[in-house]
Amino acid sequence: MGYMLLYESMLPSVLFARDKWLRPGGLILPSHATLFMAPITNSERYEGSVDFWSDVYGINMSALVPLAKKFTSEEPSIEIIGGENVLSWPFVVKHIDCYTFKAEELKSITTKYKVSSMMLAPIHGFGLWFEVEFNGPSNPSDNSPSDLNPLDVIHKKRRRGSDDAVLLSTAPEDEPTHWHQTILYFPDPIEVKQDQIIEGSVTVSQSEENPRFLNIELHCSTGGQTLVKDYAMR
């Protein structure tokens, strides 16, 4: 498992081994994975990497601010955020059942989203994290497709985890792991009010340059503002 679950594209190797060697009744661990995403706010990080240049120990270096914005939002950032940084309930980007998933499905994943901000705050970007489950093959009634309500998915997996499954979560509200969270920062923050709708789509695709790399295309609209941003995860 790489950063945001899919980085380095290691899953196809596991699927190859599954198709070639897994016997009936054999186990794949982890068995299921869910990639989540949500808008985040992080004023401290933005001030430290962008606003900082407006006054560097009394020296005005604001000419570097456009360059700082470019570098801050050019590539996904791997860092730890807390639950207090998350602006809405997360939505599901992709749910993966390792017993049935096909490698071709990884080439391009697109998900539309529509969430509501839980507070008055600037959106500085989006955060991604994942949760994996150590269990046997799912029953048809146990599947958690990405079109389910995200809250239902989370509650369902938590309930299962308390009974018959072991869960590993990299969510901001859980104990930090070496995967941290993956953050897609905006060049400029977008102010939102409580209960304001944030909607758009995200596409995660394998790079043609190197299948272990990822390209991410993010569309975000809220309050009459629209942002379209590409990120390269190298």
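At 43% relative accessibility, K70 counts as partly exposed. In this predicted model, K70 forms a salt bridge with E74. The closest N and O atoms of K70 and E74 are 2.8 Å apart. E74 is also partly exposed, with a relative accessible area of 33%. Both K70 and E74 therefore fall between the buried limit of under 20% and the exposed limit of over 50%.

The K70 pair is one of several such contacts. The structure holds 6 salt bridges. Among them is the pair of K69 and D188. Here the closest N and O atoms are 2.5 Å apart. This contact links distant parts of the chain. K69 lies in helix α3, whereas D188 lies in strand β7, which covers residues 181-192. The two residues are 119 residues apart. K69 has a relative accessible area of 22% and is partly exposed. The value for D188 is 37%, and D188 too counts as partly exposed. Neither partner counts as buried, because the cut-off for that class is under 20%.

A further salt bridge joins E105 to K94. The closest N and O atoms of this pair are 3.8 Å apart. That distance qualifies because the criterion for a salt bridge is a separation within 4 Å. Distant parts of the chain are again linked. K94 sits in strand β3, and E105 sits in the loop between β3 (91-97) and β4 (108-116). The residues are 11 apart along the chain. E105 is partly exposed, at a relative accessible area of 32%.

The surface also carries a nonpolar patch. L64, L67 and F71 make this patch, which measures about 270 Å². L64 belongs to the loop between α2 (43-49) and α3 (65-72). With a relative accessible area of 31%, L64 is partly exposed. L64 can count toward the patch because its 31% passes the requirement of over 30%.

Helix α2 contains S43. At 33% relative accessibility, S43 counts as partly exposed. S43 and H124 are 81 residues apart in sequence. In space, their C-alpha atoms are 7.4 Å apart.

The overall layout sets these details in context. The protein chain has 234 residues, and 49% of them count as buried. Its secondary structure comes to 4 helices and 10 strands. From the N terminus, the order begins with a helix, a strand and then two helices. Four strands follow, and then another helix. Five strands complete the order.

The interior was searched for enclosed space. Rolling a probe the size of a water molecule over the atoms shows where empty space is left. Across the whole structure, the search finds 3 cavities of 30 Å³ or more. The largest cavity holds about 50 Å³ of space. Its lining consists of L6, S9, L11, L106, V204, Q206 and L214. Of these lining residues, 5 are nonpolar and 2 are polar. No charged residue takes part in the lining of the largest cavity.

Conventions
Residues numbered from 1 in each chain as written. Predicted model: local features only at pLDDT ≥ 70, side-chain atom pairs only at ≥ 80, totals over all residues. Heavy atoms only, no water. Patch = residues over 30% accessible without salt bridge, like charges linked within 9 Å, V, L, I, M, F, W, Y side chains within 5 Å. Areas by Shrake-Rupley, 256 points an atom, 1.4 Å probe, with all protein chains shown as cover. Salt bridge = Lys/Arg side-chain N within 4 Å of Asp/Glu carboxyl O. Buried < 20%, exposed > 50% of the residue type's maximum accessible area, 1.4 Å probe, protein only. 1 Å grid on protein atoms, 1.4 Å probe; cavity = no way out; pocket = protein on both sides within 12 Å on 5 of 7 lines; lining within 4 Å. Points joined across faces, edges and corners; volume = space filled by probe spheres on them. Nonpolar A, V, L, I, M, F, W, Y, C, P; charged D, E, K, R; others polar.
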